[in-house]
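User: I should like a close look at a single part of this protein, explained step by step for a first-year student. Please keep to what can be read from the model itself.

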Amino acid sequence: MIEVPEIITCVDCGQNAHRLSYSPEEGWQVGDIVAYRCRGCNDRWDLVVADPNDERGGSDSFDFRQWLADREA
Ligand SMILES: [Zn+2]
């Protein structure tokens, strides 16, 4: 099962963006859309869940882990 964080850091203002989407009963799947709302600038972020076991990082799908890693860097 893929873990999706409750809170991410907004790319625009650096404040916390809280998850809007509830976890599906069967858990998150690759390709699911996860929505976040930033408390700072009120922007909405729609992220696509990427396969954590896929190291290639397909060009047509958003790399969720890399996105998070970039934000934390
Ligand atoms: Zn923001």
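Leaving aside its neighbours within four places in sequence, which residues is Ala17 in contact with?

Analyst: The model is a predicted one, and the answer below should be read in that light. Beyond its neighbours within four places in sequence, Ala17 is in contact with Ile7, Ile8, Thr9, Cys10, Tyr36, Arg37, Cys38 and Trp45.

Several of these names return in the core. The largest nonpolar core has five residues, namely Ile8, Cys10, Ala17, Tyr36 and Cys38. Across the protein chain, buried residues account for 10% of the 73 residues.

One member of this core, Cys38, deserves attention. Cys38 lies in strand 3, which covers residues 33–38. Cys38 counts as buried because it has 20 C-beta neighbours inside 10 Å, and 20 or more is what the term requires. Although 21 residues separate Cys38 from Ala17 in sequence, their C-alpha atoms are 3.8 Å apart in space. When neighbours within four places in sequence are left aside, the contacts of Cys38 are Cys10, Cys13, Gln15, Ala17 and Asp43.

The strands give these contacts their setting. The protein chain has four strands and one helix, and along the sequence they follow the pattern β-β-β-β-α. The four strands form an open sheet in the order 1-2-3-4, with antiparallel pairing. Strand 1 (7–9) and strand 4 are the edge strands, each pairing on one side only. From one strand to the next, the twist averages 35 degrees. As a general point, strands of a sheet pair through backbone hydrogen bonds, and the pairing is either parallel or antiparallel.

Individual pairings can now be followed. Strand 1 and strand 2 (residues 16–19) run antiparallel and are joined by three bridges. Here Thr9 stands opposite Asn16 in strand 2; Thr9 is also among the contacts of Ala17. On the other side of the order, strand 3 and strand 4 (residues 44–48) also run antiparallel, with five bridges between them. In this pair, Ala35 has Asp46 of strand 4 as its bridge partner. The hairpin of strand 3 and strand 4 has five residues between the strands, and Asn42 there takes a positive phi near 65 degrees.

Finally, the protein chain as a whole may be considered. Among its contacts between residues at least 6 apart in sequence, 31% join residues at least 24 apart.

Notes. Residues numbered from 1 in each chain as written. Predicted model: local features only at pLDDT ≥ 70, side-chain atom pairs only at ≥ 80, totals over all residues. Core = buried A, V, L, I, M, F, W, Y, C linked by C-beta atoms within 7 Å. Buried ≥ 20, exposed ≤ 12 C-beta atoms within 10 Å, placed from the backbone. Contact = placed C-beta atoms within 7 Å. Helix = DSSP H or I, 4+ residues; strand = E, 2+ residues; numbered from the N terminus. Pairing = 2+ DSSP bridges. Axes fitted to C-alpha atoms, helices over the stretch in contact; angles between N-to-C directions.
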